[in-house]
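Hi everyone, thanks for coming. Please have the sequence and the structure open in front of you, and we'll walk through a couple of places together.

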Amino acid sequence: MSESHGRRPAPVSTDEDVDRELRAHLALHAERLIAEGVSPAEARRKAREAFGNFSAISTQCRHISASNSPWTLSTMIDSIVSDVRFALRTLRRSPVFAISAIATLAIGIGANSAIYSVVHTALIRPLPYPEADRLVSLWERNEGGSESAIAAPNFFDWQAESSSFASMAMMSTFFFGGRTSVLGGEQPVRLYVAGVTEDFFRTMGVMPSRGRAFDTAETQEGAAPTIVVSERIWRNLLGAPEDLTGHTLRVYGVEATVIGVMPSGFNFPGDSDVWWPIGLSGFNTSRTSHNWAAIARLAPDVSVATAQQELDTIGAALKVAHGEEIDAVGVVVRSLRDELVGGARTPMILLLAAAGLVLLLACTNLASTLLARGTARADEIAVRGALGAARGRLIRQLFTESLLIGGTGAVCGLILGHLGLTALLQFAPGGVPVETASVGGGVVGFVAPLTLLATLLFGLVPAFGITRGGTDALRSGRGAIGVGGQLWNVLVVAEVALAILLLTGAGLMIRSFWQVMQVHTGYEAENVLTAEVAIPSALYAEDGDAARILEAMASDIAALPGVEATGFVNHLPMAGLSINGAFNVEGSGLSNAYASYRVTGGNYFEAMRIPLLEGRLFDARDIQGAEPVVIVNASFAAAVFPGESAVGKRIGNLANDNWIYGDEWMRIIGVVGDVRHGGPERPAHRETYVHYLQRPYRARGPSFAIRIAGDPAAVTPLIRERVARLDDQIPIEFKALEEHVQAAAAPRTFTLLVLGVFAAVALSLAAVGIYGVVSYAVARRHREMGIRMALGAAPRSVQRMVIGESLRRVGIGVALGVGAAVAATRLLDSMLFEVDRLDPVAFVAGAVALLGAATLASWLPARRSARVDPAVAIRND
Amino acid sequence: MDLLKGTLDVLILRTLSDSPSHGYAVARAIREQSAETLIVEEGALYPALRRLEKRGLLKASWGRTDTGREAKFYALTAPGKKQLKQAMSDWDRYVEAMGLVLRGPQA
């Protein structure tokens, strides 16, 4: 419709006469009422009442007059305000649409911002150390490619001969011991004490914020003990003193002077609270004593690969120089981030991909909802277009409406994302540095624009239909309505395919989880309480003293009512710790093979119900001074003594304990069942068990396993009381053994939980999408249904037709989704456990779940088609 | 019944095409001629009049009513008449198209 009208006459109206005109209106209305017999006062009141908001109308008129220059700020704001008001009014009239659109967006944005925040923090954002991308961890590489901790002499050779590093330091690995008792505050506490070499703080690039780091003299063998503590220890244990002078803590049985406090939040490695110079006790000179981890800072412009190359050369030369005395054949150089993230990378990327699918699904759903709405409003828009509403104005209004939905959805989504992130961090398995993750600018920049774009694009589709078709749309009477048809079918197919992808993935993870739960771990965790204790070396300096107090604790606990069996071990299964060592077999030379090494006491095997397969368990004969004995597991016996009995054979040099106990042989007295110490998904390794009375050195921080008949909660205070009666300086921590199992399965549970929630969201989004499309199709074809029924079709067959048409589209979507899943589950492969990635159960279950939901979502609106009254439908449409 | 924004403009033009009139009379005329179905609110009417005047479809002048009261009278301009003619023919086409669809193919 043409907007040009030639030369326009100058408007007579001015701002001043707006009110005059409106007052004239009131006077005319009142006059009329008086003529009808109303009293003058009453007439004036009624006229004013009938009139809307006088000043608002007046202002609106003035603005129209003022907008001779169309783009003044005030008119712009005015028209935006009026657009927003109009949009709000329209949305309020269809709350179901508004809420479902906003909820869809919020879920899409929420899921993505939560997952993306975690992934961003763990994989993208720099670690919280200066120039953290230059930090690497170092490990020894053994024959066969396995990695091990570092022997000190090797480290010193790397340090002396390499030039790739600005600085490097050794530190405790935490694989060789848990927390240590630290005394000096109100009560004994168990903390992670990190042994470090002099350059540790310089390598990390973080220095104490109070006091100072170790100087060279303080890290030498025999120096007076000094420690650096974390900010929280300084605050909670020392009482936040301004001046550190005179403050000491007892660590490893000696009084150590506190010389520095690290900045708040610095607890590397792991969750350390105390840093201790490892040089004090000197270094083991064996090149096969793998005691240490190492951290190094690459020199500027040196890459990990370059450093790797240099250390490989040095490592190979060392192997040639030292031959049998060294077992490392190379060095592993790994960026600190990779070291920390480790195996969590794959699940995280998987979850990010899943969240991406949810977002895509949300956008698709939103598109079809908006399209449906656009179609429903096609008539209104067509009429308004025909009657002269400016094209630009129409687009602007639809745009405003979409923007309002998109904006509200984005805000709700970010709030949801924040809540989701809080939940995620609660459940996130440890080890991944995500504690500080937050829904930040990166997320807003990543998710919000994408979703807004989708909203706007599809919100405007009906408008484009109008403007393109112009009045032709009206002439055909179908133009605007036809816009969505094909696109709609495509959207439903896409939604279904995306949902199938997520459902299949979740199905495979559920099946894997089920398989993991079915694994026989080799022991029975139910009804076993664990109690972690630490024998402070400050109070029990001699190994013999430590052994005696342990013996007393074991027999006191065993005597408690309700305790069936009790024993202890230095590292419980699935608690994340293990010692490995090379062993010799008598008469066959160095086998150069590794086995795990555990120290037990009391009736450990009975308490854990680890079955004895051959020979005997430890008993009263096995004391210090008697023949050293060892129990091996079935894998060990089968691998080392194939085809013959292991009992009676002798092995030695386990875990390099020969430097403590001398090079003596240990006789194998029994064979026990395999235990999956590394977690339910890790097969059992070769394992050896020794008795604590014969190897007391490694039994200072044992965990008791206490099998209880009845309620563990009733026994816990009794145990605490017994231990306190023996020595109230021994800290003790209780946990159900099953919690360790759950903790070992935590990463899988976590992935499963998130993926499951995503799949459920996907399923409901797809169902909502299908419901919407079928509803609108039924509404649109009201008349056709009426005719069919008028011509004799049974209501049920009409209903079947509607459902059938819907399910045909769903079927195409399922087929595409299954096809995509066949390709995409490749990504899942490494995370599956004893389940094929093309597992038919998961695929069929996913498809069935979706078809069920789709049938329900089609059936509900289809019922309406069956209830159509033919006469009414044909008359009214 | 609610009035759609676009429809008000054309109703105003149509009402004023018989003779120049003031706002109050326009509102009454639309109400009476639609058998009380279409009710024009003042909040929509006066801005619409302003807008139409500004677009050059109407011209305004102050005058007196039959009863001697002061009022602002609006009349169609030449572009206004042309716009009305165009809108009415669009409307006829729309109604005809709608009718074709709603009545369906003739048996």
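Let's begin with a question: which residue in β3(B) does Ser21(B) stand opposite? It is Tyr74(B). Before we go on, please keep in mind that this is a predicted model.

Now let's place that pair in its surroundings. Strand β3 of chain B covers residues 70-76, and 2 bridges join this strand to β1(B), with the two running antiparallel. Both belong to an open sheet of 3 strands in chain B, and its order is β1-β3-β2, with antiparallel pairing. So what happens at the edges? That is where we find β1 (21-22) and β2 (58-64) of chain B; each has a single partner strand, so one side of each has no neighbour in the sheet.

There is a helix here too. Helix α3 of chain B, residues 42-54, lies across β2 and β3 of that chain, and α3 runs at about 120 degrees to β2(B).

Let's turn to chain A. Here helix α6 (residues 152-161) packs with helix α9 (residues 304-322) at an angle of about 130 degrees, and their axes are 10 Å apart. The two helices, α6(A) and α9(A), are therefore oblique to each other. Their crossing is right-handed.

And which residues make the contact between them? From α6(A) we have Asn154(A), Asp157(A), Trp158(A) and Glu161(A), while α9(A) brings Leu311(A), Ile314(A) and Leu318(A). Sorted by type, the residues of this contact between α6(A) and α9(A) are 4 nonpolar, 1 polar and 2 charged.

Thanks for listening!

Conventions
Residues are numbered from 1 along each chain as its sequence is written. Chains are lettered from A and ligands numbered from 1 in the order in which they are written. This is a predicted model: local features need pLDDT of at least 70, side-chain atom pairs count only at pLDDT 80 or more; totals for chains, interfaces and linings use all residues. Axes are lines fitted to C-alpha atoms, for helices over the stretch in contact, and angles run from 0 to 180 degrees between N-to-C directions. Helices (H or I, at least four residues) and strands (E, at least two) are DSSP runs, numbered from the N terminus. Angles under 35 degrees count as roughly parallel, over 145 as roughly antiparallel, 65 to 115 as roughly perpendicular and the rest as oblique. A crossing is left-handed if the near helix is turned anticlockwise from the far one by less than a right angle, and right-handed if clockwise. Two residues are in contact if their C-beta atoms, placed from the backbone, lie within 7 Å. Ala, Val, Leu, Ile, Met, Phe, Trp, Tyr, Cys and Pro count as nonpolar, Asp, Glu, Lys and Arg as charged, and the others, Gly among them, as polar. Two strands pair if DSSP finds at least two bridges between them.
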